[in-house]
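Colleague: I am new to this structure. Please take me closely through the place where the two chains meet, and then through what lies around it.

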Amino acid sequence: MKKRLGIYLDSQGIAFAEAEGKDLSSSVFLSFSYLLEEGKDFSELSSTLKIEALLQRGLRELRTELKEAYLGFSEKESIFRVLELPYMNKKELNLALPLEIEKYMPFRIEEIFWDYQERRVFREKKIKIAFLGMKKTFLEENLKAFSNVGVKVKSVDSGFFSLIGFLILLGKIPKRYKDFAVFSFTREEGEIAIFSEGFPYFSRYTKIPLTLEGEPDVKKIGKDLKMTLRYYQGEVKGKELEKLFILGESSLVNKCEEEFQDLGISLESSPLEDVLKDRKVANLSELKAYSLAIRDYRAEFLKFNILKERREVVLREEVSEVLASREVLWNFKSLFFLLIIGVFIGGGIFFIQISKESSKVVEVKKIEEELKVLPNFKEFGSLSLTTLKDKESYLKKIIAELREYSDIPKDNSSLIELLGRNITEGMWFKSLNLKRERNLRDLYLVLQGYIYLGDIQRERNSLNKFITKLKESEFLKRRKMKVTLNSVRQQELEGYKVTAFTIGIR
Amino acid sequence: MENILKKYKNFFLTVGTLFVLGFLLVRLYSFYEARISNYDRDIKELRQKLELLKSISSYQSRFSQLKGNFLSSDSYTFIDLVNDYAQKAGLEVVSIEPKSGVSYQKEEIVSPLILRLTLKGGFDNLLNLLRIVDKEKLKITVSSLNIGENISLITLEILGLTLKEEEL
């Protein structure tokens, strides 16, 4: 099994732990006060040299040959922030986060090493960010000490969140809990973290208040915790924490259990001595060092490495440049999108219009075919509409004129026959003049004749009879012609007295 | 100004692109609409032409039917025809001559042709002639008839309608 070395630094000293696989091989904690015990005067030395001295001693005592270490610091030295961002992709998040996080801390992003874990909440379209950072000057000073003793630092993590991850791995914090708090503490310092929906919501470091006897003042700790929990409940209204996990020395943890009853939250204590089954660790720092050594086995969402190379090169100018290029990219995307829409609409218009045009072309061809089969197409097809209209009007007029003459009366013979047929006793005709008017329909006939019966009364009767017969004839009635007696007189003709008459028929 | 331009660069760019796209789409649409509009105009004209040609064809056909009832404008043919009628009726044609200067004012195509005849024969022969003329399909009629005391000498005028044009 592969061995790994975990080193945890806090204000009290340095803890070392070597793990083989998941198992703890050995661990040791060296306090800075240890240097004083050795009788050497380190008060004038820099912190780098103090760390160097403890590192050399610790590695020697641990009897490890490992030259790579997984490093962790206390919350006091870290900057831990939780924030929410609108939903965006990984690339956009990497660009937006450095500038966004500056609103939450008193440093510029260039001044710190940092890393983050994210939780994407799809239904709320947001991203929760757990951000861990550390001042560059501080970390570089410490890393120099490691370098001086020939230890390469593979990662730099939060000791507290490593510990929580380790407790989850051990089952000390069951995975079913999503909204919970963890409080771990020593006689000098404590750390509290609150988790909401299984993701860090809040974390803080606290100095442990002491009683006059120099013992941790559990009551004050309780008050402090109470305020923290109230703050959380004020922020997240209507949401209750399921459990408060307490980790520390058994004597302290037991006191806490008694004092924390009024916190209004279910407690679960884990005395430090009972955390590991097979062997015991001297203190919480060793446990943190152990949790750093088994980094690979811990849950990903609580795993940070602020030494990631990419973090070091991200400068404001670069971010701006990248953002600017992203803007260009966005513009290009937008334009491309608009162009695609434009092409689709244009294509739609094109196809609709082409289809319309095709149907029109077909219609034109159809009409042209119809035209070609007309008998007069060759003669008149090339003429303009105006000429054709004139031609049509002329023809219309001609046909109307021809129709006017279509019913010329053919009644001359009938009229003459009528006269001959109705001639009465003693009557003969002298002359007959027939004339048609210009309209060819109206007719005018003048008839002259004589009657001789030897008795004037009889002659008159004969004439009247003739006229009556004419008037009553169907022919004249149908033609609406009138018979008029123009003149009648007695006249001597060749020695005889006759009745001469003139009749007009019109 | 530069700051404003920088700040609203995206907005201006998007609006500009939308404007250009809109303009191009409107141009594309207008281009095809103009073409379709031309086709619509052509179709309308062709339909009008089709209707006019059909109408002209119908009138021409009607003219062909009607023109058979009219005489040709040649007066000699008419004289021959009338002479033939008189002979058939048993009348002796004393004289036959066209009457000149006869015209109707409004006629476009119909023109009257009148022949003045002097005939010898009886009343029955005259009736025969009148019957023949009345039965004739051609547009011929007796426009004037004069029978004097000498019944055997009849003067009459026969009018025939001719067409100025025989083809339209």
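Modeller: Here is the contact, followed by the cores, a sheet and the confidence.

This is a predicted model: local features need pLDDT of at least 70, side-chain atom pairs count only at pLDDT 80 or more, and totals for chains, interfaces and linings use all residues. Residues are numbered from 1 along each chain as its sequence is written, while chains are lettered from A and ligands numbered from 1 in the order in which they are written.

Start with the contact. It takes 55 residues from chain B and 54 from chain A. Two residues are in contact if their C-beta atoms, placed from the backbone, lie within 7 Å. On the side of chain B that touches chain A, the elements giving two or more residues are helix H2 (9-67), helix H4 (123-135) and strand S3 (140-147) of chain B. H2(B) gives the most, with 33 residues. Helices (H or I, at least four residues) and strands (E, at least two) are DSSP runs, numbered from the N terminus. By class, this side of chain B has 29 nonpolar, 12 polar and 14 charged residues. Ala, Val, Leu, Ile, Met, Phe, Trp, Tyr, Cys and Pro count as nonpolar; Asp, Glu, Lys and Arg as charged; the others, Gly among them, as polar.

Strands meet here too. Strand S14 (residues 427-436) of chain A pairs with S3(B) in the antiparallel sense, over 4 bridges. Two strands pair if DSSP finds at least two bridges between them. Lys435(A) has Ser144(B) as its bridge partner in S3(B).

Now the cores. A nonpolar core is a set of buried Ala, Val, Leu, Ile, Met, Phe, Trp, Tyr and Cys residues joined through C-beta atoms within 7 Å. Buried means that 20 or more other C-beta atoms lie within 10 Å of a residue's own. The largest core has 84 residues, of which Ile7(A) and Ile164(A) touch the most other members. Apart from it lies another core, of 35 residues, among them Leu443(A), Ile140(B), Val142(B) and Ile154(B).

Chain A also holds an open sheet of 5 strands, in the order S11-S10-S9-S12-S13, with mixed pairing. Its edge strands are S11 (199-207) and S13 (267-271) of chain A. Strand S9 (residues 180-185) runs parallel to strand S12 (residues 243-248) of chain A, joined by 5 bridges. Phe183(A) has Ile246(A) as its bridge partner in S12(A).

Last, confidence. The model scores ipTM 0.80 and pTM 0.50. Chain B has a mean pLDDT (the predictor's confidence in each residue, from 0 to 100) of 85. In chain B, confidence is highest in H4(B), at 91, and lowest in helix H1 (residues 2-7), at a mean of 66.

Conventions: Buried ≥ 20, exposed ≤ 12 C-beta atoms within 10 Å, placed from the backbone.
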